[in-house]
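Ready for a short walk through your viewer? Keep the selection panel at hand, and we will go from stop to stop.

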Amino acid sequence: MSEKTLTRMDLAEAVYAEVGLTRKAAQQLVDEVFEELSKTLEKGETVKLSTFGNFSVRSKRQRMGRNPKTGVEVPITPRKVLTFRASHILKDRVNGKAPK
């Protein structure tokens with residue numbers, strides 16, 4: 001398995017190479033896309049990216065947890081969590097199967 005991590009800079013460089021925008025314009029485009037995704041998720045809405053997957057925000061209720069070191073029960077406050085569900089097309093690509 002590869003240890004390479006894809007960064008915003010890598011994405012901007014790919015847009016620059018593939019689309020032909022200037023490097024600065026490619027970076028701005030990537031930043032604007034991520035900003036729009038973030039704003040949508042902050043509002044609690046779902047982001048669906050065809051052939052990639054869905055990002056959504058879930059609310060978790062308060063529950064009792066346990067400190068593993070001491071065994072003392074502590075309340076875990078309610079919170080929102082971000083979830084990602086990969087599309088079947090992405091799952092197939094990751095598993096080396098040709099897209100249909």
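Start by selecting S1 and strand S2 (residues 53–60): the two run antiparallel and are joined by 3 bridges. Keep in mind as you look around that this is a predicted model.

**The sheet**

Within this pair, show Val47 as sticks and look across to S2, where Phe55 stands opposite Val47. Now add S5 to the selection. You have an open sheet of 3 strands, in the order S1-S2-S5, with antiparallel pairing. Which strands form the edges? They are strand S1 (47–49) and S5, each of which pairs on one side only. Turn the view to look along the strands: neighbours in this sheet are rotated against each other by 25° on average, direction ignored. As a general point, strands of a sheet pair through backbone hydrogen bonds, either parallel or antiparallel.

**A loop residue**

Next, select Thr77. You will find Thr77 in the loop between strand S4 (73–76) and strand S5 (79–86). Is Thr77 buried or exposed? Thr77 has a relative accessible area of 53%, so it counts as exposed, the cut-off being over 50%. Add Arg63 and draw a distance between the two C-alpha atoms: Thr77 and Arg63 are 14 residues apart along the chain, and their C-alpha atoms are separated by 7.0 Å.

**The salt bridges**

Time to look at charged side chains. In general, side chains of opposite charge can pair when their charged atoms come close. How many salt bridges are there in this model? The count comes to 4, and we will visit some of them.

Select Asp10 and Lys4, whose side chains meet in a salt bridge at 3.1 Å, N to O. Lys4 is exposed, with a relative accessible area of 62%, whereas Asp10 is partly exposed at 26%.

Move on to Asp31 and Arg8, another salt bridge, at 3.0 Å from N to O. This pair links distant parts of the chain: Asp31 sits in helix H2 (residues 23–42) and Arg8 in helix H1 (residues 8–19), 23 residues apart. Colour by accessibility if you like: Asp31 is partly exposed at 29%, and Arg8 is partly exposed too, with a relative accessible area of 42%.

For the last stop, select Arg66 and Glu73. They form a salt bridge in which the closest N and O atoms are 3.4 Å apart. Arg66 has a relative accessible area of 55% and is therefore exposed, while Glu73, at 46%, counts as partly exposed.

Methods:
Residues numbered from 1 in each chain as written. Predicted model: local features only at pLDDT ≥ 70, side-chain atom pairs only at ≥ 80, totals over all residues. Heavy atoms only, no water. Helix = DSSP H or I, 4+ residues; strand = E, 2+ residues; numbered from the N terminus. Buried < 20%, exposed > 50% of the residue type's maximum accessible area, 1.4 Å probe, protein only. Pairing = 2+ DSSP bridges. Axes fitted to C-alpha atoms, helices over the stretch in contact; angles between N-to-C directions.
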